[in-house]
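Please work through the exercises below with the sequence and the coordinates at hand. Each task is followed by a solution in steps.

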Amino acid sequence: MTKILQVKDLELSFHTFAGEVKAIRGVNFDLIKGETLAIVGESGSGKSVTTKSIMRLLPQSSAEYKNGEILFEGKDLTKVSEKTMQKIRGKDISMIFQDPMTSLNPTMTIGKQIMEPILKHQKLSKSKALEQTINLLNLVGIPNAESRYKMYPHQFSGGQRQRIVIAIALACNPKILIADEPTTALDVTIQAQILELMKEIQKKIDTSIIFITHDLGVVANVADRVAVMYGGKIVEIGTVDEIFYNPQHPYTWGLLSSMPSMDLADQKLYAIPGTPPDLLNPPKGDAFALRSEYAMKIDMERQPPFFKVSDTHYAATWLLHPQAPEVEPPAVIIERMKTFPGSRYYVEQTGGNA
Amino acid sequence: MAEHLIEVKNLKQYFNVGKSSEVRAIDDISFSIKRGETFGLVGESGCGKSTTGRTMIRLYDATAGQVLYDGLDVHAPKSQSENQTLNRKMQMIFQDPYASLNPRMKVLDIIAEGLDIHGLVKTKKERKERVIELLETVGLNREHAERYPHEFSGGQRQRIGIARALAVDPEFIIADEPISALDVSIQAQVVNLLKELQEEKGLTYLFIAHDLSMVKYISDRIGVMYFGKLVEMAPADELYRNPMHAYTKSLLSAIPLPDPIYERSRVRHPYNPKDHQYGPDEKVEFREIAPEHFVLCSEKEFKEMQAARM
C-alpha cells in the first residue's frame with residue numbers, strides 16, 4: 001500500500017470578470033500504487049479541475065492555488081518550477097483526454113506524435129524511438145503498425161484515435177495515468193474495448209489510474225475505489241463495493257437512483273431536482289442541501305466534516321452524526337444495501353431455497 | 001384513422017449516388033409506429049439511425065421507399081398547405097442543445113418562431129402568453145423568455161428545445177439523442193419530462209439513442225440498426241430478455257451497469273459480421289420469430305433461433 005500521490009486540503013479558485021469561482025474547496029485523497037481511483041460527479045463538480053491541477057494544466061493567469069498541497073515523490077506539485085513540471089508531465093504523470101477527435105494534432109503523423117514524449121524524456125536515438133512507437137501501437141491494438149505509423153489522425157476511426165492517445169500517454173511508462181472521460185465520446189462497443197485495453201495495460205505496467213467519468217456503469221467496471229465529487233468537494237469516498245452497495249451520502253443515493261436499471265422498469269425515474277450550486281457564491285453549509293430531501297437545519301449552516309463508515313469509507317454528511325435522526329434511503333438504495341454485509345439493511349442470503 | 005401513425009416502407013437513403021463514394025446510410029428498412037407509442041432506435045454511430053429520423057421528417061429526400069404519416073406520403077409532392085399541416089404534426093428535438101438554438105435570438109423568439117410561421121397567434125400579447133405557457137410546461141419560468149441561450153445550462157437548453165417542438169401542437173416528435181449531451185442527474189429530469197408530456201398530450205415518439213439502458217426505460221418497442229439495416233425489432237422487454245441477432249447480443253453485452261459484482265463477471269460477445277456466412281442463394285430478410293419480434297436472418301439461421309428458443 002504505497003501512496004504514490006497525496007492531495008491534501010487542495011483549494012483552487014479561478015479569477016473571472018464575475019468574481020472568484022471557488023472550483024475546488026478542500027479536496028483530500030491518496031492514490032495507491034497500482035489502483036484505479038474513479039472520480040465521479042456532474043459537470044461543474046470540479047472533477048476535471050482537480051486532475052488538471054495535478055498536471056498543472058490550468059491557465060496561470062486566472063487559476064490560483066489557494067491552499068493545500070499535491071505530494072508526488074516528496075515534491076509539492078503546486079510549488080515546483082515549470083521546468084520540473086515539464087519533466088514530470090508526460091513521463092511520470094500522463095493524461096488521456098476526453099475527445100480523441102480534438103486531442104491529436106491533425107497536421108502531424110501519429111508516429112511523430114507518439115515519438116514526441118519518447119524523444120523528449122528518454123533520450124533515445126530516432127530509430128530506437130521508432131521501434132518503441134511500433135511496439136506501443138501493437139500494445140494498444142492498432143493493426144499493421146509498421147505501415148500505419150506514417151498516417152495522419154483523420155485516417156483513423158474514433159476508437160482507434162483513442163487507442164493512439166493512450167499509446168502517447170503510455171510512451172514513457174508513467175507512474176500515474178489520468179484519464180479524463182476517455183470513453184464518453186465513444187460507442188458502447190468501442191467503449192468496452194477501450195476499457196478492457198486500459199485494464200490489461202494497467203496489469204502489464206503496474207501504473208495507477210485516476211479515472212474521471214460521470215457514467216456509473218463505467219465506474220463499476222474499472223474502479224477499485226471511488227470518490228464522489230459535488231460542488232468542488234469530495235462528498236464520499238470508498239471502495240467500489242462500499243459506494244455502490246452501501247452509499248451514505250444523499251447525493252450518491254441520487255446519482256445511483258437516477259440510472260435506470262435493466263430490470264426495474266415502469267417506475268418513475270428518480271431525478272435529482274434543481275441544478276448544481278453556483279461556485280461563485282458557494283452555499284454556506286452542505287452544498288447539496290438545497291437539492292436534498294434529507295437536508296436538516298444544520299446542513300444550511302455548517303459544512304459537514306468527513307464521518308468514518310469503515311477504514312476505507314468516508315462520507316461528508318450530517319446524517320452520519322450520532323445525533324442525526326435515522327433516515328430511510330430511497331427504495332432502490334435499500335435494495336442495493338441488502339446485499340452488502342455490514343450495512344444496516346443487510347439480509348443474510350439463505351442458501352438459495354428462500 | 002390508421003392504427004399506425006407512422007409507416008416506413010422499404011426506405012432507402014443513399015448519399016453520393018453513382019459515385020465511387022456512394023454511402024448506403026439507410027438500406028431498405030421498414031417499420032411502423034403506433035399512435036401514442038415510443039419507438040426506440042439504437043445502434044452505434046454511423047449506423048444510420050439519425051439519418052432515418054431526418055429522412056422521416058423530410059430533412060433529406062429519400063432515395064427510395066415511403067414514409068407514411070397517417071396514410072399520407074411525406075415525400076410525395078404536396079400543396080403548400082398540405083406541407084404546412086404535416087410540418088405542424090411532426091417536430092424534432094435535436095441532440096446538441098448547444099448547437100441547436102440560435103445564439104442571437106431570445107428564447108421568446110426561438111419558441112415563437114413556429115407559432116409565427118403557422119399563424120397560430122394573432123397579437124403580440126397572445127404570442128408571449130403562449131410562450132410563457134410553454135416554458136412552464138417544460139419546467140422553466142416566465143423570466144426565462146427574455147434571455148439568450150448562452151444564459152442557460154445544458155439541461156435547461158434541452159427544455160427550450162422541447163418547448164420549441166411543442167409550440168405547434170405536434171402529434172409526433174422525433175427525439176434525436178436528446179439526452180446524450182447531458183449529465184446523468186439531468187438526463188433523468190429530461191426523460192421524466194418527455195414521459196409526462198407523452199401522457200398529457202398523447203404524443204408519439206421516435207427516440208433515437210445509443211444509451212441502451214435509457215432507451216429500454218422510455219421505449220415500448222425498440223429497433224436495432226447496424227450499417228443501414230434494421231437487424232432486430234421487438235418490444236423493449238422482449239429485446240432485452242431474448243436478444244436473437246448476434247449484433248444485438250454484442251451490443252447488450254457491452255453496456256456497463258452500475259453494479260460492480262455483475263461487472264466482474266460480465267462477458268462481452270464481440271460481433272463479427274463475417275460469422276453469418278450467407279450463401280449466394282440464401283434469402284436474408286426480416287422474419288418474425290415471436291409475436292412482434294423480428295430478426296434479420298436467413299432461413300437456416302431462423303430455424304436455429306427457433307430451436308434455441310424452445
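The exercises concern a predicted model and treat chain B, the contact between the chains, the nonpolar core and a record annotation in turn.

**Exercise 1.** Determine whether the radius of gyration of chain B agrees with that of a compact globule or departs from it.

*Solution.* Begin with the chain length, which is 310 residues. A compact globule with this number of residues would have a radius of gyration near 19 Å. Chain B has 21 Å, and the two therefore agree. Next, consider the extent along the principal axes: the C-alpha atoms of chain B fill a box of roughly 65 × 55 × 40 Å. Then turn to the content of the chain, which comprises eleven helices and twelve strands. Of its 310 residues, 40% are buried. Finally, take the contacts in chain B between residues at least 6 apart in sequence; 62% of these join residues at least 24 apart.

**Exercise 2.** Establish which elements of chain B supply the side that touches chain A, and describe the residues found there.

*Solution.* First count the residues involved: 29 residues of chain B are in contact with 29 residues of chain A. On the side of chain B, at least two residues each come from helix 6 (184-201), helix 7 (212-218), helix 8 (236-241), helix 9 (246-254) and helix 10 (260-265). Helix 6 of chain B gives the most, with six residues. Classifying the residues on this side of chain B yields 14 nonpolar, eight polar and seven charged.

**Exercise 3.** Identify the buried residues of helix 9 of chain B and state what they pack against.

*Solution.* A residue is buried if 20 or more other C-beta atoms lie within 10 Å of its own. In helix 9 of chain B, B:Ala246, B:Tyr247, B:Thr248, B:Leu251 and B:Ala254 are buried. Within chain B, the buried residues of this helix pack against helix 7, strand 9 (221-226), strand 10 (229-235) and helix 8. Across the chains, they also pack against helix 7 (188-205) of chain A.

**Exercise 4.** Describe the largest nonpolar core and its contributors.

*Solution.* The largest nonpolar core has 170 residues, and A:Ala167 and A:Val228 have the most contacts inside it. Helix 6 (residues 158-170) of chain A provides the largest share, seven residues. From chain B, at least three residues come from each of domain 1 (4-227) and domain 2 (242-310). Leaving aside residues up to four places away in sequence, A:Ala167 touches A:Ile114, A:Leu136, A:Leu137 and A:Val140.

**Exercise 5.** State which residues of chain A UniProt lists for "domain: ABC transporter", and characterise that segment.

*Solution.* The unreviewed UniProt entry lists residues 5-256 of chain A. Over this segment the chain is 39% helix and 28% strand, with the end C-alpha atoms 28 Å apart.

Technical notes
Residues numbered from 1 in each chain as written. Chains lettered and ligands numbered in written order. Predicted model: local features only at pLDDT ≥ 70, side-chain atom pairs only at ≥ 80, totals over all residues. UniProt positions renumbered as here; feature names shortened; annotations may be inferred. Helix = DSSP H or I, 4+ residues; strand = E, 2+ residues; numbered from the N terminus. Contact = placed C-beta atoms within 7 Å. Nonpolar A, V, L, I, M, F, W, Y, C, P; charged D, E, K, R; others polar. Buried ≥ 20, exposed ≤ 12 C-beta atoms within 10 Å, placed from the backbone. Core = buried A, V, L, I, M, F, W, Y, C linked by C-beta atoms within 7 Å. Domains from an automatic or database assignment. Rg over C-alpha atoms; globule rule 2.2 N^0.38 Å.
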